[in-house]
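Colleague: Please take one pocket of this model and go through it closely. Add a side chain worth checking afterwards.

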Amino acid sequence: MSEPRVRRAEIAIEQAHVDTVYTRLAELRAQAEAMRTKGYEIGHGAGREAIFEQASMLFERDMMVYHANQTLQTLDAEYEGLVFGRLDHLDNDHIYVGRLGIRDAEFDNLVTDWRAPAAAAFYQATAEEPMDVVRRRVIRCSGQNVLDVDDDVLIADAVPENMQIVGEGALMAALGRSRGEKMRDIVATIQKEQDEVIRAPWRGVTEITGGPGTGKTAVALHRAAYLLYRHRRQLGGAGVLVIGPSGVFTSYISRVLPSMGETNVELRALGEVLDGLEATRQDPAPLAAIKGSLRMRKILLRALRDTPEDAPEDMKMVYRGEVLRLNARELDKVRRKVHTAGGPPNRSRIRAAELLLDALAAKADQHAKDDGRQIDKAELISELGERIEFHRFLVVWWPVLYPAQILRWLGVEKRLAAAAKGLLNRNEISLLAADFADRSRGWTIADVALLDELRVLIGEPPKRRKGRQTIEVNPERGGAPTRPQHYDEYSHVVVDESQDLSPMQWRMVGRRGKYASWTVVGDPVQSSWPDPAEAAMARDQAFGLKTTRRRFTLRTNYRNSAEIFDLAAKVVAGHAEADELPRAVRQTGITPEVRPVEAAGLEAATQAAVKELMGAVEGTVGVITAMDRVPEVEGWLAELSDERLKVVGSLDSKGLEYDAVVLVEPNDLITESTTGRRVLYVALTRATQQLTVLASNPDWIPAA
């Protein structure tokens, strides 16, 4: 039988099984919908039954609806490409591997969940260690239709005569497929080195390092899905937090976990970690370096202990016909005593009141001694402490503080200079004060960590009623959790592009993961943070007392063609050791094009390059430029509006990938960052198929 006929016959065999699976899926969906309908019926028409019985019925209804919605969400999320693999074993048995486990009405296995131990061989078996697998088949589907199959033979001398072998394997075919706006899951093409990371133990800290295109992000997300599947009881309730570098990045990866049925995962960019704030703007590199340094914590602590702007400078109280007065120096002395006690200011007003009354009593006692009299100190404190004018003074003199208020104080250069004495130089003080003084453009991503630090340092304002924090479940939303503000009880935290986190950002992230295990993803060669030693110290503090540490290095670049990566490696060669760079395994024969352009002709050159690449590839085209030029370049391309076309700044391009990339003025990327060539290296490694570089200055390419 010819190879095309064999392939068609094998596709038909797999189509028959896939049809059976989707028929069963429809049955399960109908059962879940019936359960939800029954749940809604419970509790209606309860009449005058006892309150306890009503509450019990409502709880039963909510749980039934909740579980039904969860089931429907999972079934809907896994609908596309539900079955993607098959394993044929030595004992002539076989299993199908897919996005979730499905059994028929008799509980016989139709599909094995890719995260189950029985499916591990789909990713781990090799010709050297076949794990009793004779044939591994990848099944490529679109919806319910089988499009193609590809086989790997792992035990050649055990292939039965009636077993047909087709195809060349799935990975390289998948690498050549065009990219969309969102990252796809890789459940059908996970490689052995990646699978080892995904299935590593959940406790402690798991670090994943590797160069561009090694699949670090995809592996970390699939690890989160695997851990939730294998350790649902330990991890599911408290939830998983995934932190990425930017909103562009989190939007790009947003469909990966839902596509694997995991909805109890919170996805946040660094500018969104603090509840109630969403910052997207990046600071210039010198300013970001100041804000991210641990020096800022000392500056913030000094600033919040300073006298508030509108605080009165003297205090007068009349006691039994005598005026008791505390001047500015005496009030400052009381303020220092309160802060010396070490409590958060917003929780220290009672202590401030006590010390003010003590100071007034001391003043009255001194007056009495001068006149040869005695006073009853306890009586004085009791009487003055109940007066409305005392409490009015206290509210103004010791006001409730807010994080944004403290940072605005530091917009006054004199005030910042006092707080930063011995910590920042004159130029740094001027740069930082000017930034804090102008909030017309909103907060930056680096500001978020400072605001979160201040939130903790000043403490929450006193509350009249202190309620127990709970996680509520809304059955109408399919069980999406509503967590309390500033939630810090996540069971697992994933940090992507970790090499770029500043020390202050590590402190912010660490607060959310103080009870969590961690998956930390990064590549030192791509770092844009200028002081890795300080960041490493803050990172270790964020991990706390977790002693179990494991580190995996991914060394194969699946994203870039070898031609593209050779250019990127040349650019970063002086900033990385040879073993820190991955190996690109795919060749396309298309060399990156470097076009010299005049600065005056850059707009036209960009438009021309974009048009060419839009016609050359079926998928996405990214235009990468310096952060401050993004609006300008977007304006150049406004008439070429297409959903496949994206313009991003250099820092926002991290973690993203496009079929083709136009890189505008590489020297701008070098000069805008304190780690310039590393940032350029990142930008050069975003393209999977074609790369065009437009440069008015050739200095970005190191001399041979």
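Modeller: What follows describes a pocket and then a single arginine.

This is a predicted model, in which local features need pLDDT of at least 70, side-chain atom pairs count only at pLDDT 80 or more, and totals for chains, interfaces and linings use all residues. Residues are numbered from 1 along each chain as its sequence is written, and side-chain values use heavy atoms, with hydrogens and water left out.

The second largest pocket has a volume of about 990 Å³. A pocket here is an open set of points on a 1 Å grid over the protein atoms alone where a 1.4 Å probe fits, with protein on both sides within 12 Å along at least five of seven lines; lining residues have an atom within 4 Å of a point. The volume is the space filled by probe spheres set on the points, which are joined across faces, edges and corners. The lining comprises 42 residues, and Gln 282, Asp 283, Pro 284, Met 627 and Leu 651 lie nearest the centre. At least two lining residues come from each of helices H10 (285–292), H18 (426–437), H19 (445–458), H20 (503–512) and H24 (630–636), and from strand S21 (645–649). Helices (H or I, at least four residues) and strands (E, at least two) are DSSP runs, numbered from the N terminus. H10 gives the most to this lining, with six residues.

As for the side chain, Arg 335 sits in helix H12 (residues 328–340). Setting aside residues up to four places away in sequence, Arg 335 touches Arg 305, Asp 306, Thr 307, Pro 308, Ala 311, Trp 397 and Trp 398, where contact means heavy atoms within 4.5 Å.
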